[in-house]
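Got your viewer open? Load the model, keep the selection panel handy, and follow along stop by stop.

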Amino acid sequence: MSEVKIVAQLRTEFGKGAARRIRRSAQVPAVVYGHGADPKHVSVPGHELLLALRTANVLISLDIDGKSELVIPKAVQRDPLKGFLEHVDLLSVKRGEKVTVEIPVSTEGELAPGGNLLEHVLNTLPVEAEATHIPEGVTVNVEGLEAGASILAKDIALPKGTTLAVDEDAVVIQVVAAQAEVTEEAEEEGEAAEEAAPAEEAAAEEA
């Protein structure tokens, strides 16, 4: 994974008012923490950070007062209505260090005919990987899967050097029957029961 270089500034003002002023200047309040060091409160250029965060678990080379520090995003707060960045927590990492992150799960292929539905039980997969070699995601092939089929965490091929950080038997993806089909089957069963009822009543009367 390539590094994204961003210049940050240490900040000395805190609180909601200070955060609003920072955001009005096209910056985003952020905290850098990790390795037992005291947290660093910084402001980061909003546009550059927004572009960087388009890549999951992006590796950022953060320049703070002329000193470079590798970080990855751990918590991103956005405005619930407008979606702009409000605050970001950045975890300091070192080359060769293992970190636990969640990587996106995507699928490819077509399910077996029949109108079945694909359900993502886990949209992201917790894994442990080297900080400078975090996978951007994993792709799962669902070609030909039928209702009732499921894919477990242990079934997913991970890049070399990456290991699961979740129960290997955890269900990641499953295939379920379309609700319309389930409803149709239930209606057919109900109609069959209604048709059988008069015949049973007639038989009872004749007896």
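A residue is called buried here at under 20% relative accessible area, exposed at over 50%, and partly exposed in between (1.4 Å probe, protein chains only). With that in hand, select the whole protein chain: 32% of its 207 residues are buried.

Two bits of housekeeping. This is a predicted model, where local features need pLDDT of at least 70, side-chain atom pairs count only at pLDDT 80 or more, and totals for chains, interfaces and linings use all residues. Residues are numbered from 1 along each chain as its sequence is written, and side-chain values use heavy atoms, with hydrogens and water left out.

Now switch to cartoon view. You have three helices and 13 strands; these are DSSP runs numbered from the N terminus, with helices (H or I) of at least four residues and strands (E) of at least two.

Next, select residues 27-34 and 37-45. These are strands E2 and E3, which run antiparallel and are joined by seven bridges. (Strands pair if DSSP finds at least two bridges between them.) Together they make a hairpin with two residues between them. Add residues 3-10, strand E1, which also pairs with E3 in the antiparallel sense, over two bridges. Then click Ser43 in E3: Gln9 stands opposite Ser43, and Pro29 has Ser43 as its bridge partner too.

Which residue in the hairpin turn has a positive phi? Pick His35, in the loop between E2 and E3, where phi is near 60°. That's worth a look because most residues other than glycine have a negative phi. His35 is partly exposed, with a relative accessible area of 41%.

Jump to Asn57, in the loop between helix H2 (46-52) and strand E4 (59-64). Phi is positive here as well, near 55°. Is Asn57 buried or exposed? At 11% relative accessibility, Asn57 counts as buried.

Keep Asn57 selected and add Leu53, Thr55, Ala56, Pro73, Lys74, Ala75, Val76, Val101 and Glu102: together they line the largest pocket. That pocket holds about 190 Å³ of space. Strands E5 (67-78) and E7 (98-108) are the elements that give two or more residues to the lining, with E5 supplying the largest share, four residues.

(A pocket, on a 1 Å grid over the protein atoms alone, is an open set of points where a 1.4 Å probe fits, with protein on both sides within 12 Å along at least five of seven lines; lining residues have an atom within 4 Å of a point. Volume is the space filled by probe spheres set on the points, which are joined across faces, edges and corners.)
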